[in-house]
Amino acid sequence: MQNSRAASPHQARELLRVAFGPALVALVVIAAVTLLQLLIANSDMTGALGAIASMWLGVHDVPISIGGRQLGVMPLLPVLLMVWATARTTALATPPAASWFVIRWIVASALGGPLLCAAISLAVIHDAASVITELQTPNALRAFASVLAVHAIGAAIGVGSHVGPRLLAASALPVWLGGSLRAAAAGVLALFGLSGLVTAGSLVVHWARMHELYAITDSVFGQFSLTLLSVLYVPNVIVGTAAVAVGSSAHVGFATFSAFTVFGGDIPSLPVLAAAPSPPLDPVWVGLLIVGASSGVAVGQQCARHPLPLVPAMGKLLSAAVFAALTMALLGYAAGGELGNFGGVGVDQGTFGIAVFLWFSVVGAITVGMANGIKRDPARPKSRPAEEVAAETLARAQPDRDDAVADTADEAGPTPADEAHDDTGTTTAEQPPNDSD
């Protein structure tokens, strides 16, 4: 893609792919799954378009209302896949030396196409709601905001991966800001990955409970649907595990889970939720805090790769901790919501982000110090008073001055006083007077 303002056919195709590529792929997949479910259930196609439009908005974390009950806890995996797809398409369309004109068009295309699809989906749902009274039209402002946020994050990641270093170098921002972003990404991935391992281990331990949740249906299609839903909701459960790992809490209605206590309550019959601990809490769950500490070590090691003086090093670490805390808080918000009669589902937003920041900043600072991430200034000689320096200089110069005076006297020859001395050592003035006088 060239930097000229005249759009070529190749540029137009790239912009169209950025605008509608991820949205259309998601729409095709959703339509295939919806139609397959309707065919297996021997249902007619009445309201199929409304269901497809609702699921497309659900992929963008837009709550869906059916029969007066709101499904606000949308699967997080499709949202993450949509962010990844947007980032990939925008990265492929962005050359490293792109101008601001080209970058603006790429970002505008990445946002404009999905917003148009969102408007069409809302219109389709509104039309289908006139036929299917149980289907309600989502809030338009929330729908547009969610779609805009998902694709804006993806576009920022995609465009920033190509032109971010160049723009950062040309700006007045600190040069270590890019390193803090990489450190934040390392901390988030470490926390997410370790929490995923804990979730998988808990599912193995509670295998019997998961088998009981599968027993609510006898059909193969029902068990397949439960498995598919569990896979889609796995990131939501991992985010809840991460909240417990940093000392915060997660809740499903009245059931509350933390590393220190568990309050029981009704939970949905979703097999992946078998990973949740049941009261009384085993003391081994307190060891889950090691996950938060290990993630803080990952942040500190990444910050210590390029040693900096004390103030920039701490600024880099604190910036990474802030970015990571905001990212996890955003994931916690996207992973929660209302779930019909069960009530609110999600993490404690009041403590989750703060807990992530504290773990990453405190443990990260210790790691930076231990990993030699702080560049120390070379030792400087201690300053001495000016009088002492002047006296020492004068003392050193005095012997040289005496030697110079002696050398000058030797070169000048004997003085008149020296010539006046005779061999006996007396001067002419000391000789006795003459007899003749």
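**A five-stranded sheet, a helix pair and a buried serine**

Student: In the hairpin of β6 and β7, which glycine takes a positive phi?
Tutor: Happy to start there, with the reminder that this is a predicted model. The hairpin of β6 and β7 has five residues between its strands. The residue that takes a positive phi, near 55 degrees, is glycine 340.

Student: How are β6 and β7 paired, and which residue in β7 does glutamate 338 stand opposite?
Tutor: Strand β7 covers residues 344-347 and pairs with β6 in the antiparallel sense, over two bridges. Opposite glutamate 338, on the β7 side, stands glycine 344.

Student: What is the strand order of the open sheet?
Tutor: Five strands make up this open sheet, and their pairing is antiparallel. At its edges stand β5 (262-263) and β6 (337-338). Each of these has a single partner strand, so one side of each lacks a neighbour in the sheet. The order is β5-β4-β3-β7-β6.

Student: Which glycine in the turn between β3 and β4 has a positive phi?
Tutor: Strand β3 (residues 249-252) is joined to strand β4 (residues 255-258) by four bridges in the antiparallel sense. In that pairing, serine 249 stands opposite serine 258. The two strands form a hairpin with two residues between them, and the turn residue with a positive phi of about 65 degrees is glycine 253.

Student: Moving on to β5, which residue there is the bridge partner of threonine 256?
Tutor: β4 and β5 form a hairpin with three residues between them. They pair in the antiparallel sense over two bridges. Within β5, the partner of threonine 256 is phenylalanine 263.

Student: How many bridges join β3 to β7?
Tutor: One place to look is alanine 250, which stands opposite valine 347 in β7. The two strands run antiparallel, and the number of bridges joining them is three.

Student: Let's turn to the helices. Is α6 parallel or oblique to α11?
Tutor: Helix α6 spans residues 177-205 and helix α11 spans residues 310-334, with their axes 8 Å apart. They pack at an angle of about 45 degrees. An angle under 35 degrees would count as roughly parallel, and roughly perpendicular begins at 65. That makes the placement of α6 relative to α11 oblique.

Student: How do the residues of the contact of α6 with α11 divide into nonpolar, polar and charged?
Tutor: α6 passes α11 in a right-handed crossing. From α6, the residues that meet α11 include Leu181, Val188 and Leu191, while Phe323, Met328 and Lys316 are among those on the α11 side. The division is 10 nonpolar, four polar and one charged.

Student: Is serine 121 buried or exposed?
Tutor: Serine 121 is found in helix α4 (residues 100-129). Leaving aside neighbours within four places in sequence, serine 121 is in contact with Ala53, Trp56 and Leu57. Its relative accessible area is 8%, and the cut-off for burial is under 20%. Serine 121 is therefore buried.

Student: To finish with the whole protein chain, what percentage of contacts between residues at least 6 apart in sequence join residues at least 24 apart?
Tutor: The protein chain has 14 helices and seven strands. Of its 437 residues, 39% count as buried. Among contacts between residues at least 6 apart in sequence, the share that joins residues at least 24 apart is 74%.

Conventions:
Residues are numbered from 1 along each chain as its sequence is written. This is a predicted model: local features need pLDDT of at least 70, side-chain atom pairs count only at pLDDT 80 or more; totals for chains, interfaces and linings use all residues. Side-chain values use heavy atoms; hydrogens and water are left out. Axes are lines fitted to C-alpha atoms, for helices over the stretch in contact, and angles run from 0 to 180 degrees between N-to-C directions. Angles under 35 degrees count as roughly parallel, over 145 as roughly antiparallel, 65 to 115 as roughly perpendicular and the rest as oblique. A crossing is left-handed if the near helix is turned anticlockwise from the far one by less than a right angle, and right-handed if clockwise. Contact means heavy atoms within 4.5 Å. Ala, Val, Leu, Ile, Met, Phe, Trp, Tyr, Cys and Pro count as nonpolar, Asp, Glu, Lys and Arg as charged, and the others, Gly among them, as polar. Two strands pair if DSSP finds at least two bridges between them. Buried means under 20% relative accessible area, exposed over 50%, partly exposed in between (1.4 Å probe, protein chains only).
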